[in-house]
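User: I should like to understand how the terms used for a protein structure are justified. Please show me the structure and explain the terms with it.

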Amino acid sequence: MSYEAILYETRGPVAIITLNRPERLNAIGAAVREEVHAAIEAAHQDDAVRAAIITGAGNGFCSGADLSGAATRMASGGAAAVATPTQSERLDEDGWVGRWAKRFAHFDKPLIGAINGVAAGAGMSMALACDVRVGSTNARFKTVFVERNLSPDSGMSYFLPRIVGYSRAADLVFSSRAVNADEAYRIGLLDRLVAPEALLDEAVALATEMSQWPPLAIRMAKRVLQKNQDAELDEALRYESVALGHARKAAADTRDSIAAFAEKRKGVYTGA
């Protein structure tokens, strides 16, 4: 697929998805949604890709949903034509915001957010859906939703309390205040904080480090961590046992992991 609203490239085993609408701080419009979905699926299906990074072009990571169409309709008194939804669209309980959250959460390889600037609204939700967030000192977070007479969507109400705890999530949502990079790192919105010029290199280095291990083991490790966030201990232990069996299906990687340990060398893992 050719992309216009995003950039997609690979560096070795790492896919890099860059939202490429810097003039609108990479706001999420229809083209961005479609192309990000396609890029995530491409990275998922490509066995050569073992980890992915999502970032933004220019000064922003993602400013949230693109409201320019709504603003145009408001300015024209609501006269602009709006397509009549299909029956399936009327019955869709997720909407685009739900599908957006699930696309990142269901990607079963390591997903790193390289937060280069403002992450607001659904853009902040996208950052929260990543497994790890590396941020530059220019990073800034803002929940925004209540300012638009909305409650949180696109997964924010799920991800944010699990990352920073309920009371901090309530603070950020109810106040809609901006959080700078230093505070974001302190409360866990960012896992690593680096200089702006080093951001992408640091994110790629981290993704490459994750990519050195047996790929099935990494993918099952992500599934276990996600599934067991809310599980009781007995259920968590059962799923760990199931996951171990899936990872061991890569028999060649199992053998080489044992040999590499014995021979004190780095393993060579192919997922076979």
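Analyst: The discussion below takes up one strand and then one residue.
This is a predicted model, in which local features need pLDDT of at least 70 and side-chain atom pairs count only at pLDDT 80 or more, while totals for chains, interfaces and linings use all residues. Residues are numbered from 1 along each chain as its sequence is written, and side-chain values use heavy atoms, with hydrogens and water left out.

User: Why is strand β3 called largely enclosed by the rest of the structure?

Analyst: Six of the six residues of β3 (residues 51-56) are buried, so the strand is largely enclosed. Buried means under 20% relative accessible area, exposed over 50%, and partly exposed in between (1.4 Å probe, protein chains only). Strands are DSSP runs of E with at least two residues, and helices are runs of H or I with at least four, numbered from the N terminus.

User: Which residues point each way from β3?

Analyst: A51, I53 and T55 point one way, whereas A52, I54 and G56 point the other way. In a regular strand the side chains alternate between the two faces of the sheet.

User: What makes β2 and β3 a pair?

Analyst: Two strands pair if DSSP finds at least two bridges between them. Six bridges join β2 (residues 14-19) to β3, and the two run parallel, so the definition is met.

User: Why is D256 called buried?

Analyst: D256 has a relative accessible area of 17%, which is under 20%, and therefore counts as buried. This residue lies in helix α12 (residues 251-263).
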